Amino acid sequence: MASLLERKLIVVTGKGGTGKTTVACALGLLAARRGLRTIVAELGDQHRLPAMFGQPRAPESGVEVELEPGLWSTSIDPDEALFEWLRTLGGRISVRMLAASSTFHYFAAAAPGAKELVSMVKVRELCEGRPRRANAHGETARARGPYDLVILDAPATGHALAMLSSPQTFAAIVRAGPLAEQAQRVRELLEDPARSGYVAVTHATEMAVTETLELEEGLRLTLDRDLDAVVVNGTLPRRFTKQELGRIATTTATGDGSQAELGESAALARSAGRMARTVYERARLQQSQVARLRRQRFAGGSPPAVLTIPFVFTPELDLTAVRGTSERLDKKL
Ligand SMILES: Nc1ncnc2c1ncn2[C@@H]1O[C@H](COP(=O)(O)OP(=O)(O)OP(=O)(O)O)[C@@H](O)[C@H]1O
Ligand SMILES: [Mg+2]
């Protein structure tokens with residue numbers, strides 16, 4: 001089977017706040033370093049990548065911005081994608097008129113999955129190329145696609161599964177016509193292990209790992225696919241052995257006196273000792289969740305590639321830190 005970076009599309013999803021955008025960016029940096037023309041697509045009105053690369057202002061949705069040689073980013077706004085698509089039906093209606101009209105709201109309400117589907121159509125176009133259309137202000141974004149690799153910074157699990165199953169949802173409503181054809185092509189891309197891959201990002205906590213297993217099940221039910229990799233983000237280092245922890249406890253346990261009795265430095269040593277134990281216990285729990293993932297045999301029979309990324313102890317996770325993460329992934333992918 002093609003290795004992950006040889007696909008056209010990598011979908012990165014998982015529990016909210018676990019590091020999906022960070023991992024999508026790290027994968028983008030890695031792919032670009034390997035010589036692939038790569039684009040990371042964010043969803044909604046998010047422009048985290050341009051900000052991380054120090055771009056002074058957020059670009060417009062749909063515009064492809066070069067972040068560094070070989071790496072681009074773009075943002076797909078599902079509302080705008082739906083407006084744009086409806087406009088192609090309505091001829092020369094302006095986006096503003098359409099937004100104010102009841103047609104848009106009726107359509108959005110009556111056709112579940114439509115916004116998700118047109119967003120996925122845009123993702124597919126980044127993979128396979130398309131004629132560029134003018135944006136809301138009549139500007140035409142410069143066409144750089146198709147890209148060698150598109151990395152989709154997808155929403156969290158539930159919403160991502162709704163997006164990924166939108167071709168099926170929509171096919172149940174509309175069976176013929178141009179959108180039905182596009183839906184079919186999106187579905188083929190998402191179901192094809194040679195062209196698309198799925199990465200789950202998780203924390204090593206019970207809840208997040210459970211959500212990862214639910215994601216795996218959802219993928220199998222909707223697309224008959226397995227996760228290609230699970231990235232366990234923010235793992236804590238195991239700094240001490242159990243014996244060392246025992247020694248820390250003895251050397252820092254200086255009695256139960258009040259802070260005044262103990263003296264400030266002894267009290268400090270005691271809280272450092274407690275902190276060492278907390279981190280030790282937390283790391284131990286994390287290890288058991290990583291082991292739980294590694295024990296998993298998905299329905300497809302193949303164990304997932306489980307990769308860990310350590311917690312980065314800096315005040316802010318900046319580009320330098322994400323580059324470090326990307327280099328770490330390089331050794332494993
Ligand atoms: N390995 C790490 N070490 C330390 N901080 C991290 C690490 N990975 C991510 N973070 C920080 O955790 C926060 C969440 O990360 P990120 O935005 O990538 O998550 P997300 O899954 O995309 O969130 P959302 O669900 O809101 O889109 C950010 O502040 C990020 O800087
Ligand atoms: Mg995110």
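So, arginine 225: its side chain reaches the backbone oxygen of leucine 190 at 3.1 Å. That's a polar contact, meaning a pair of N or O atoms within 3.5 Å, where within protein one must be able to donate a hydrogen and the other to accept it, and residues adjacent in sequence count only if both atoms are side-chain atoms. Quick caveat: this is a predicted model, so local features need pLDDT of at least 70 and side-chain atom pairs count only at pLDDT 80 or more, while totals for chains, interfaces and linings use all residues. Side-chain values use heavy atoms, with hydrogens and water left out, residues are numbered from 1 along each chain as its sequence is written, and chains are lettered from A and ligands numbered from 1 in the order in which they are written.

Okay, back to arginine 225. You'll find it in the loop between α10 (206–223) and β7 (229–235); helices here are DSSP runs of H or I with at least four residues, strands are runs of E with at least two, and both are numbered from the N terminus. Is arginine 225 buried or exposed? Buried, at a relative accessible area of 5%. The cut-offs are under 20% for buried, over 50% for exposed, and partly exposed in between, with a 1.4 Å probe and protein chains only. Leaving out residues up to four places away in sequence, arginine 225 touches a list that includes Arg7, Glu191, Asp192, Tyr198 and Glu216, where contact means heavy atoms within 4.5 Å.

Now look at aspartate 224, in that loop between α10 and β7. Aspartate 224 counts as exposed, at 53% relative accessibility. Its phi is near 55 degrees, a positive value in a residue other than glycine.

On the other side of β7, there's arginine 238, in the loop between β7 and α11 (242–252). This one counts as partly exposed, with 47% relative accessibility. Not counting residues up to four places away in sequence, arginine 238 touches Tyr280, Ala283, Arg284 and Gln287. Glutamine 287 is 49 residues away along the chain, and the two C-alpha atoms are separated by 9.4 Å.

Next, strand β2, residues 38–43. Why call β2 largely enclosed by the rest of the structure? Because 6 of its 6 residues are buried. Thr38, Val40 and Glu42 cover one side, Ile39, Ala41 and Leu43 the other, and all are buried. β2 runs parallel to β4 (residues 71–76), joined by 6 bridges; strands pair if DSSP finds at least two bridges between them. One of those pairs puts alanine 41 with threonine 74. β2 also runs parallel to β5 (residues 149–153), with 4 bridges, and there isoleucine 39 stands opposite valine 150.

Last stop, ligand 1. There are 15 residues around it, and Gly17, Lys20, Thr22, Arg48 and Val312 come nearest; near means a heavy atom within 4 Å. Which elements each supply at least two residues of the shell? α1 (20–33), β7 and β8 (305–310), and α1 has the largest share, with 3 residues.

For polar contacts, a backbone N or O atom of glycine 17 lies 2.8 Å from an oxygen of ligand 1. A nitrogen of ligand 1 is 2.8 Å from a side-chain N or O atom of asparagine 233. The protein covers 69% of the 630 Å² of accessible area that ligand 1 has on its own, using the Shrake-Rupley method with a 1.4 Å probe.
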